Amino acid sequence: MIRINLSPRWLASALVCLGIIVMAQAPLGAADTARVKIDNFTFAPKVLTVKAGTTVTFENDDDIPHVVVANDGSFRSKALDTGDSYVFTFTKSGDFPYFCALHPHMQGTITVTP
Amino acid sequence: MHHPSNDDERIDRRHALECMIWAGTGVLWTVSSGVPVSLGLLGEANAAETATGFTFLQISDSHIGFDKAANPHAIDTLKEAIAKVRALPEKPSFMIHTGDITHLSTAAQFDTAAQIIGGARFDVHYVPGEHDIIDENNGRAYLDRYGAGTKGAGWYSFDQNGVHFIGLVNVVNLKAGGLGNLGADQLAWLADDLKAVSASTPIVVFAHIPLWAIYPEWGWGTDDAAQALALLKRFGSVTVLNGHIHQIMQKVEGNVTFHTALSTAFPQPAPGTAPSPGPMTVPAGQLRSLLGITQIAVKRGKEELAIIDSTLSGT
């Protein structure tokens with residue numbers, strides 16, 4: 001017999017999941033935009049795959065500034081304080097690894113497909 | 001907290017170092033050429049250590065401009081730290097600031113910091129933290145203010161009462177996946193700088209990011225520190241003073257004592273105890289017990305050196 005535990009905690013996480021699905025679908029239909037969130041000294045998602053021509057927004061939700069910089073130097077943000085964003089449009093296809101110039105253990109990759 | 005691991009071993013002259021920790025008030029270190037010297041309370045240490053030598057002060061990570069939950073009043077706590085410095089019974093010879101003077105490298109933040117720190121009326125020797133080089137010109141703002149007489153990104157040395165002081169910069173040109181970085185130019189300069197210094201000269205090295213691997217997962221270390229330490233091997237007494245991690249940590253390795261200072265702005269979690277090294281919010285009543293200053297006493301004749309941390313809430 002399968003028991004389903006409808007605890008408040010389960011319901012809450014289910015609602016969050018639903019929210020994420022809704023939020024994730026919206027940009028796909030809307031425009032060629034994508035988002036990387038910076039939280040707890042990590043880039044999320046760590047690997048983001050987008051189509052060439054996509055504008056990616058990097059948004060800092062930490063209480064500490066971060067600087068987004070490409071390993072090959074092809075893009076570099078200003079210092080992003082809490083709530084600040086940096087926007088870059090990826091026109092060429094390929095893998096673009098990047099890191100935080102202040103906390104270089106923070107790393108991510110934008111994979112751009114044709 | 002680390003204690004030297006050789007507690008039970010026979011203490012030789014080179015390794016005669018003890019660390020004593022008083023809960024809530026800070027850490028006191030003594031180095032001596034014979035039996036470890038037990039210093040008592042802060043006041044006693046002052047009296048003992050400054051009789052024939054000199055003291056200097058370390059402040060760190062003032063983060064002027066920071067206004068988040070962990071401390072919305074970083075200006076006030078820096079003012080309190082400076083008031084504490086001014087109230088010391090023994091006047092320090094000078095101060096060092098081990099970086100993150102500002103939070104965002106703006107002119108206004110540098111101005112505010114200089115005004116408050118200047119209130120102590122001491123010479124201040126700075127090195128930059130990563131927060132001090134994020135102006136639009138990648139560090140120009142810092143160098144325009146504090147770069148006179150320095151090399152490269154702001155490194156330099158000076159001598160005081162027979163002690164050789166070296167300010168290093170390990171926050172520029174950081175590499176993806178790496179830690180703090182000194183770089184080939186600075187290491188070459190260091191090798192050259194040390195050539196004329198005798199092995200019996202006490203050395204004090206100060207830099208923002210710790211020069212030993214405290215917690216690489218959070219970037220708390222310096223990639224090429226080993227090369228710098230190799231250059232310092234022949235010296236009988238080396239003290240390395242760092243900031244960046246906003247908490248007291250210490251380690252002794254041979255003749256080298258490593259020590260990190262408290263911030264005057266906000267605490268950070270102990271390694272691995274939080275999802276990230278970001279600012280740690282504590283109950284308001286606890287904040288000042290996690291912020292503070294560091295006093296270092298050098299007593300030349302007896303080769304003793306003491307590092308005394310005291311918190312803003314300490315007596």
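# Exercises on Strands, Loops and Burial

B:Asn161 is exposed, as 11 other C-beta atoms lie within 10 Å. The model that underlies these exercises is predicted.

## Exercise 1: two loop residues of chain B

Determine whether B:Asp61 is buried or exposed, and describe the backbone of B:Asp61 and of B:Asn161.

*Solution.*
- Step 1. A residue counts as buried if 20 or more other C-beta atoms lie within 10 Å of its own, and as exposed if 12 or fewer do.
- Step 2. B:Asp61 has 30 C-beta neighbours inside 10 Å and is therefore buried. For B:Asn161 the count is 11, so this residue is exposed.
- Step 3. Phi of B:Asp61 is near 50°, which is positive although the residue is not glycine. B:Asn161, also not a glycine, has a positive phi of about 45°.
- Step 4. B:Asp61 belongs to the loop between strand S3 (54–59) and helix H2 (74–86) of chain B. B:Asn161 belongs to the loop between S6 and S7 of chain B.

## Exercise 2: the sheet around that second loop

State in which order the six strands of the open sheet in chain B are arranged, and identify its edge strands.

*Solution.*
- Step 1. The order is S6-S7-S8-S9-S11-S10, with mixed pairing.
- Step 2. Strand S6 (156–160) and strand S10 (249–253) of chain B are the edge strands, each pairing on one side only.
- Step 3. On average, neighbouring strands of this sheet are turned by 15° against each other, direction ignored.
- Step 4. S6(B) runs antiparallel to strand S7 (residues 163–167) of chain B, and five bridges join the two. B:Asp159 has B:His164 in S7(B) as its bridge partner.

## Exercise 3: a covered strand

Establish how many residues of strand S12 (residues 292–299) of chain B are buried, and which of them point each way.

*Solution.*
- Step 1. Eight of the eight residues of S12(B) are buried, and the strand is mostly covered.
- Step 2. In a regular strand, side chains alternate between the two faces of the sheet.
- Step 3. B:Gly292, B:Thr294, B:Ile296 and B:Val298 point one way from S12(B), while B:Ile293, B:Gln295, B:Ala297 and B:Lys299 point the other way; all are buried.
- Step 4. S12(B) is joined to S3(B) by five bridges, and the two run antiparallel. B:Thr294 in S12(B) is the bridge partner of B:Gln58.
- Step 5. For the chain as a whole, buried residues make up 47% of the 315 residues in chain B. Chain B has six helices and 13 strands.

## Exercise 4: a sheet and a cis bond in chain A

Explain why S3 and S5 of chain A each have one side without a neighbour in the sheet, and locate the cis peptide bond that involves A:Pro45.

*Solution.*
- Step 1. The open sheet has four strands in the order S3-S8-S7-S5 (chain A), with mixed pairing.
- Step 2. Strand S3 (47–51) and strand S5 (68–70) of chain A stand at the edges and each have a single partner strand, so one side of each is left without a neighbour in the sheet.
- Step 3. From one strand to the next, the twist averages 30°.
- Step 4. S3(A) pairs in the parallel sense with strand S8 (residues 107–113) of chain A over five bridges. Within S8(A), A:Val112 stands opposite A:Val50.
- Step 5. The cis peptide bond runs from A:Ala44 to A:Pro45, with omega near -5°. A:Pro45 lies in the loop between strand S2 (42–44) and S3 of chain A.

Key:
Residues are numbered from 1 along each chain as its sequence is written. Chains are lettered from A and ligands numbered from 1 in the order in which they are written. This is a predicted model: local features need pLDDT of at least 70, side-chain atom pairs count only at pLDDT 80 or more; totals for chains, interfaces and linings use all residues. Two strands pair if DSSP finds at least two bridges between them. Axes are lines fitted to C-alpha atoms, for helices over the stretch in contact, and angles run from 0 to 180 degrees between N-to-C directions.
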